[in-house]
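Here is a short note for a colleague who is opening this structure for the first time. Please keep the model in view while reading.

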Amino acid sequence: MPLHEIGNYSISFLQVLDEHGNLDEELEPELSEEQLIRVYRSMVLAREVDQRMLNLQRQGRMGTFAPCTGQEAAVCGPTLAMTPKDWFVCSFRETPGRLMRGETILQTFLYYNGYEEGNLLPPASRTLPVSVPVSTQIPHAVGIAYAMKYRGEKDSAVVAFFGDGGTSQGDFHEALNFASLWRVPVVFICQNNQWAISVPRNKQSHSKTLAQKAIAYDMPGIQVDGNDALAMYKATREALDNAYVGEGPTLIEAITYRLLMHTTSDDPKKYRSEEEVQEWWQRDPIPRLKRYLERKGIWNELIQAEMDDEIKKEIEAAVKELEQKTDFKPDAPFDHVFGTPHQEIEEQRADFLANLAEFGKKGAAHG
Ligand SMILES: Cc1ncc(C[n+]2csc(CCOP(=O)(O)OP(=O)(O)O)c2C)c(N)n1
Ligand SMILES: [Mg+2]
């Protein structure tokens, strides 16, 4: 019996604005001036928040966190395509999108300083808390999408973010399998920033692209320049529109780069070269989008200076508010495990507080 072809599969790469800011007019998405400025401002804000948090952390005034510098377009482009009816499900490197979804700078600061309230967004915001255990948020996203489909929700979907390292976890594969099988409205966005802490992308998977993993689950998969906000918007817009009309999930692989450390407790100089990092700085998503706005005639240095000033003031006001707080409640996480009081949780809370008191005494004894 001769072999016959069952399918013919390929993966495309999408870029609208190249690293020099040159535009492919045929691919240019339709965005209003207001939307373009919103996405640009969100990217600049996130970069500044990152920088301020890093300084504060180095001064002992902020807990550890995962910087997003370099990856702003990969998150802000998709978030721009979302509406408040869509769910935002993320890991720990999506602060730019969280800020676009209504989280305040103060809340971000509170979260990374251990205040539970930094994690509390209004339930109507459809934004899940930060998820640190790698890829565990992906099955949650599919569960939410399943519930949306079950309830017959219209014009809404879930956007789930995770890293390149996250694709090696079973959770990723289980989630994609069921999302495809149930044809639920999810857009999976893999932020391929080339590293999973010190593990490079080529030691993570032998696959030529991460997007091609979509083929196995029979859903559209596309590789996108993740430092191109317009391309990220366009790919997500299309995936969301398909999801809204019952066409099921899509996998988007955003090619980007983590320009700073994994978290503030990591030293990337130990495992990657300065040349590599410098090369990626040339592809910085922010100047690229700025050039596009300037060419469109909707941006100039004067507007930039005003915006920078406004952003600095917003950040400083949040720092001030954070540092005026005196009501840290170490056992606050126990308040939110269940919706109603639970005996076992209360026992654990009592143990925790007793340990804390004991630790305090020992700490005092040791001066
Ligand atoms: C289940 C699990 N295993 C290990 C870790 C420790 N850890 C935190 S981030 C990370 C690497 C994640 O890499 P990637 O998915 O590429 O995301 P990135 O940090 O690059 O954004 C690891 C191993 C964790 N948080 N959760
Ligand atoms: Mg990574």
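The points below go from the overall fold to the core and then to the ligand.

1. This is a predicted model. The protein chain holds 13 helices and eight strands. Its radius of gyration is 22 Å, and the globule rule gives 21 Å for 367 residues. The two values are close, so the chain is as compact as a globular protein of that length.

2. The C-alpha atoms fill a box of roughly 80 × 60 × 45 Å along the principal axes. The chain is divided in two: domain 1 covers 12–326 and domain 2 covers 329–367. The centres of domain 1 and domain 2 are 34 Å apart, taken over C-alpha atoms.

3. Of the 367 residues in the chain, 38% are buried. Take the contacts between residues at least 6 apart in sequence: 76% of them join residues at least 24 apart.

4. The largest nonpolar core has 79 residues. Those that touch the most other members are Ala141, Ala145, Val158, Ala160, Val186, Val187 and Ile252. In soluble globular proteins, nonpolar side chains tend to be buried together.

5. Look at Val158 in that core. Neighbours within four places in sequence aside, Val158 contacts Asp86, Trp87, Val89, Ala141, Ile144, Ala145, Pro185 and Val186.

6. Which residues come nearest to ligand 1? They are Val134, Gly163, Gly165, Gly166 and Ala196, out of 14 around the ligand. By class, the shell has six nonpolar, five polar and three charged residues.

Definitions and conventions: Residues are numbered from 1 along each chain as its sequence is written. Chains are lettered from A and ligands numbered from 1 in the order in which they are written. This is a predicted model: local features need pLDDT of at least 70, side-chain atom pairs count only at pLDDT 80 or more; totals for chains, interfaces and linings use all residues. A residue is near a molecule or strand if its C-beta atom, placed from the backbone, lies within 6 Å of it. Ala, Val, Leu, Ile, Met, Phe, Trp, Tyr, Cys and Pro count as nonpolar, Asp, Glu, Lys and Arg as charged, and the others, Gly among them, as polar. Helices (H or I, at least four residues) and strands (E, at least two) are DSSP runs, numbered from the N terminus. The radius of gyration is taken over C-alpha atoms; the globule rule is 2.2 Å times the number of residues to the power 0.38. A residue is buried if 20 or more other C-beta atoms lie within 10 Å of its own, exposed if 12 or fewer, and partly exposed in between; C-beta atoms are placed from the backbone. Two residues are in contact if their C-beta atoms, placed from the backbone, lie within 7 Å. A nonpolar core is a set of buried Ala, Val, Leu, Ile, Met, Phe, Trp, Tyr and Cys residues joined through C-beta atoms within 7 Å. Domain bounds come from an automatic or database domain assignment.
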